[in-house]
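Me: Hi! I'd like to talk through a structure with you before I set anything up. Can I fire off some quick questions?

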Amino acid sequence: MRDIPPAPDHDIELSGGALALDFANTVGGTHVRPTHDHLRSYGDIASFAVLAGALPPGVAKRLAERAERDPRRAAAVYELGIALRESIWAVFSALASGDSPRDADLALIGDAAADGAARSRLVYDKDGVGWSLPPESDDLERPLWDIARSAADLLTSGDHDRIKECASTTCEWVFLDRSRNRSRRWCDMSDCGNRAKARRFHAKKQTARV
Ligand SMILES: [Zn+2]
């Protein structure tokens, strides 16, 4: 069991542009020294998936009840979820810097995505035909399968030059740059972008005074 960092004083932000990236960004500070963690129990992973629109609330409720009945299994799936998050972050962070991702991280993502794919079926809805887990599926790993598939889809899409890591030195959030000229530098302009702007302004004032 890892030491769980403190609880955050704010809600989860979804600024990554993809389910897997939002999942990677559920930790504050750096991944080596997190200042806070939104995912502190299995229930937090299910809540994240609902917030991100990846899990129907009714299914999340069933999963929460199941986790309560089987706390040991829920704890194991929680640990797997955290390992998956760290692998997703490591792979996307590496690609954002032009480095090669580690095989072990890719294997963890691939295994979880394949587990989900083995249980999925092709369904037709308003968006067309796609892979979907049956509504009655209430395996505790279900939220992780969708997250892993999101990561695998992004990785195999070949659009790696859209994968970025926040330019702030104190933030390691990863995101999909959907801007036309691929010029987005910050995870969130109102957060890291503004802080950097304020720092530049302050530094300019200091130099002006000398
Ligand atoms: Zn940032």
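Reply: Sure! One term up front: contact, or touching, means heavy atoms within 4.5 Å. Also keep in mind that this is a predicted model.

Me: Good. With that in mind, which residues does Tyr42 touch, leaving out those up to four places away in sequence?

Reply: Tyr42 touches Leu63, Ala67, Ala74, Val77, Tyr78, Leu140 and Pro143.

Me: And which residues touch the most other members in the largest nonpolar core?

Reply: Tyr42 is one of them, along with Phe23, Leu84, Ile88 and Phe92. That core has 40 residues.

Me: Which elements each supply at least two residues of it?

Reply: The helices are α1 (19–24), α2 (42–51), α3 (57–69), α4 (71–96), α5 (103–119) and α6 (142–156), and β6 is on the list too.

Me: Which one gives the most?

Reply: That would be α4, which puts in 10 residues. There is also another core, apart from this one, with 7 residues, including Cys171, Trp186, Cys187 and Cys192.

Me: Those cysteines make me think of the metal. What coordinates the zinc ion?

Reply: Four SG atoms do, from Cys166, Cys171, Cys187 and Cys192, at 2.3 to 2.4 Å.

Me: What is the arrangement of the donors, and why?

Reply: It's tetrahedral, because the angles subtended by the 4 donor atoms around the zinc ion run from 104 to 117 degrees. To count as tetrahedral, four donors need all angles between 85 and 135 degrees.

Me: How are the donor residues spaced in sequence?

Reply: The pattern is C-x4-C-x15-C-x4-C. Take Cys171 and Cys192: Cys171 is in the loop between β5 (163–165) and β6 (174–176), while Cys192 is in helix α7 (residues 189–209), so this pair ties together parts 21 residues apart in sequence.

Me: Are Cys171 and Cys192 buried or exposed?

Reply: Both are buried.

Me: While we're around there, what about Arg182? Where is it?

Reply: Arg182 sits in the loop between β6 and α7. Its phi is positive, about 50 degrees, although Arg182 is not a glycine. The relative accessible area of Arg182 is 30%, so it counts as partly exposed.

Me: Okay, new topic: helix packing. At what angle do α5 and α6 pack?

Reply: At about 115 degrees, and their axes are 8 Å apart. The crossing is left-handed.

Me: Which residues make that contact?

Reply: From α5 you have Leu106, Ile109, Ala112, Ala113, Asp115, Gly116 and Arg119. From α6 you have Trp145, Ala148, Arg149, Ala151, Ala152 and Leu155.

Me: Let's zoom in on Ala148. Is it buried or exposed?

Reply: Ala148 has 0% relative accessibility, so it counts as buried. Leaving out residues up to four places away in sequence, Ala148 touches Leu84, Ile109, Ala112 and Ala113. The C-alpha atoms of Ala148 and Ile109 are separated by 5.4 Å, with their positions 39 residues apart along the chain.

Me: And Arg149, what is it in contact with beyond its neighbours within four places in sequence?

Reply: Ala113, Ser120, Trp131 and Ser132. Arg149 also lies in helix α6, and its relative accessible area of 27% makes it partly exposed. From Arg149 to Leu19 the C-alpha to C-alpha distance is 9.2 Å, though they are 130 residues apart in sequence.

Me: Back to α5 for a second. How does Ala117 look?

Reply: Ala117 lies in helix α5 and is partly exposed, because its relative accessibility is 44%. Ala117 and Asp146 are 9.1 Å apart, C-alpha to C-alpha, and 29 residues apart in sequence.

Me: Last one: where is Arg33 found?

Reply: Arg33 is in the loop between β1 (27–29) and β2 (34–37). With a relative accessible area of 66%, Arg33 is exposed, since the threshold for that is over 50%. The C-alpha atoms of Arg33 and Val123 are separated by 42 Å, and the two residues are 90 apart along the chain.

Me: Great, thanks for walking me through it!

Note on methods:
Residues numbered from 1 in each chain as written. Predicted model: local features only at pLDDT ≥ 70, side-chain atom pairs only at ≥ 80, totals over all residues. Heavy atoms only, no water. Donors = N, O, S within 2.8 Å, 3.2 Å for Na, K, Ca; no water. Tetrahedral: all angles 85-135°; square planar, octahedral: opposite > 155°, others 65-115°. Helix = DSSP H or I, 4+ residues; strand = E, 2+ residues; numbered from the N terminus. Buried < 20%, exposed > 50% of the residue type's maximum accessible area, 1.4 Å probe, protein only. Core = buried A, V, L, I, M, F, W, Y, C linked by side-chain atoms within 4.5 Å. Axes fitted to C-alpha atoms, helices over the stretch in contact; angles between N-to-C directions. Left-handed = near helix turned anticlockwise from the far one by under 90°.
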